[in-house]
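Please look over the structure shown below. A short report on selected helices, strands and one loop residue comes after it.

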Amino acid sequence: MAGRRNEISHNKMQAKSVACNRGVACHASASLCKYCNSTSCNNNADEKRYSSIGWLNLIIILYNMILPRGCAGCDTPDLVLCENCVDAFQHNKRAQFNSMTFGYRYSCGDYSGVVRHAILQWKDHADTACDKIFGLLIANLVLKVFRNNIKDNSSKNSFNSNGPILVVPMPSSSSSTRRRGRRHIIPIANIVAEKLCNEGIEAKVANIVRMDSSISSKSVQTSGSRGRSKRASHAFCINYRKLKKQSNNRNLKHEAIIIDDIVTTGSTMSSCVYALQKAKVSVISGFSLACVSGSGDGTEDYK
């Protein structure tokens, strides 16, 4: 049934969709993080302002039972993301990015077709059921890139970290965060960090980058590459107090990866890298769900 995942709003706060088994909420315990189903992360404290009230969650559960969900990409009934749409997110891309250790930024797929539709459903229409799938897609891409770079230790772009990798979620503007009712990249970053730890690579989420309060528009809505570059220039600042808490060893060299949803020209990510480097954080690489690729922009398939 088309349109079964329409947005519900209340007091300008978007309702959170239920990662449902036929409408049954997956986060039964109030002590569990509403994003990663874990008691170990700090999202509950960070996101109190955007938590839904109980009766509104009940309305959403009833809504999902009456109108079952469809695939976020193509609306196939009863699936969060169907097999064909998952496959579309596995046509990996990369583009040169010399200021990063690996020399490239990476994306799961191209920002078009079902990939674009699924991301917009998740990002702007509160389809939080996609959190886990999207998190695992980026996590698998991160592991793929790390393994390929570890193979050749003599390479100047090989990975060699002496401490935990900081998984840095790309921040959104304050207006976008209020409109969505949450910081949508944080649950993705949590899943990436958890996956890396499970694979023997020490990692932790570091929500240390903040966007300037004067930045309001989305990068994909800013007209032209020059406008996006101007928007992104010096747009970020670092929370040094949070950064300091990442390690008790002052001499430890911090290394990070950046997690984003959509990369258009790379200007926003470049500005984030610049801010991190000023804080003496070395950026290994950047990863996104999708990138906007065009002729002559250097984007290529990554296998």
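The sections below cover a β-α-β unit, a pair of packed helices and one loop residue.

## Basis

The coordinates come from a predicted model.

## The β9-α10-β10 unit

Strand β9 (residues 254–263), helix α10 and strand β10 form a β-α-β unit of right-handed sense. Helix α10 covers residues 267–278, 12 residues in all. At 1.5 Å a residue the expected span of α10 is 16 Å, and its end C-alpha atoms lie 17 Å apart, so the two values agree. The buried residues of α10 include S267, T268, M269 and S271. C272, V273, A275 and L276 of this helix are buried as well. For a helix of this kind, 3.6 residues make a turn, so residues three or four places apart point the same way. After α10 comes K280, which has a positive phi, near 65°.

## Strand β10 and its partners

Strand β10 spans residues 281–291, and 11 of its 11 residues are buried. β10 pairs with β9 in the parallel sense, over nine bridges. Within this part of the structure, D260 has S288 of β10 as its bridge partner.

Strand β4 (residues 104–110) is also joined to β10, by five bridges, and these two strands run parallel. R105 has G286 of β10 as its bridge partner.

## Helices α5 and α7

Helix α5 runs over residues 131–150 and has 20 residues. From its first C-alpha to its last, α5 reaches 28 Å, close to the 28 Å expected at 1.5 Å a residue. Buried positions in α5 include D131, F134, G135, L137, I138 and A139. Also buried in α5 are L141, V142, L143, V145, F146 and N149.

Two packed helices are described by the angle between their axes and the distance between the axes. Helix α7 (residues 185–198) packs against α5 at an angle of about 45°, and the axes are 8 Å apart. An angle from 35 to 65 degrees counts as oblique, and α5 and α7 are therefore oblique to each other. The crossing of these two helices, α5 and α7, is right-handed.

## Residue D297

Is D297 buried, exposed or partly exposed? The relative accessible area of D297 is 36%, which means that D297 is partly exposed, since buried requires under 20% and exposed over 50%.

D297 sits in the loop between β10 and β11 (300–301). T265 and D297 are 32 residues apart along the chain, and their C-alpha atoms are separated by 8.5 Å.

Methods:
Residues numbered from 1 in each chain as written. Predicted model: local features only at pLDDT ≥ 70, side-chain atom pairs only at ≥ 80, totals over all residues. Heavy atoms only, no water. Helix = DSSP H or I, 4+ residues; strand = E, 2+ residues; numbered from the N terminus. Expected span 1.5 Å × (residues − 1). Buried < 20%, exposed > 50% of the residue type's maximum accessible area, 1.4 Å probe, protein only. Pairing = 2+ DSSP bridges. Right-handed = clockwise from strand over helix to strand, strands pointing away. Axes fitted to C-alpha atoms, helices over the stretch in contact; angles between N-to-C directions. Parallel < 35°, antiparallel > 145°, perpendicular 65-115°, else oblique. Left-handed = near helix turned anticlockwise from the far one by under 90°.
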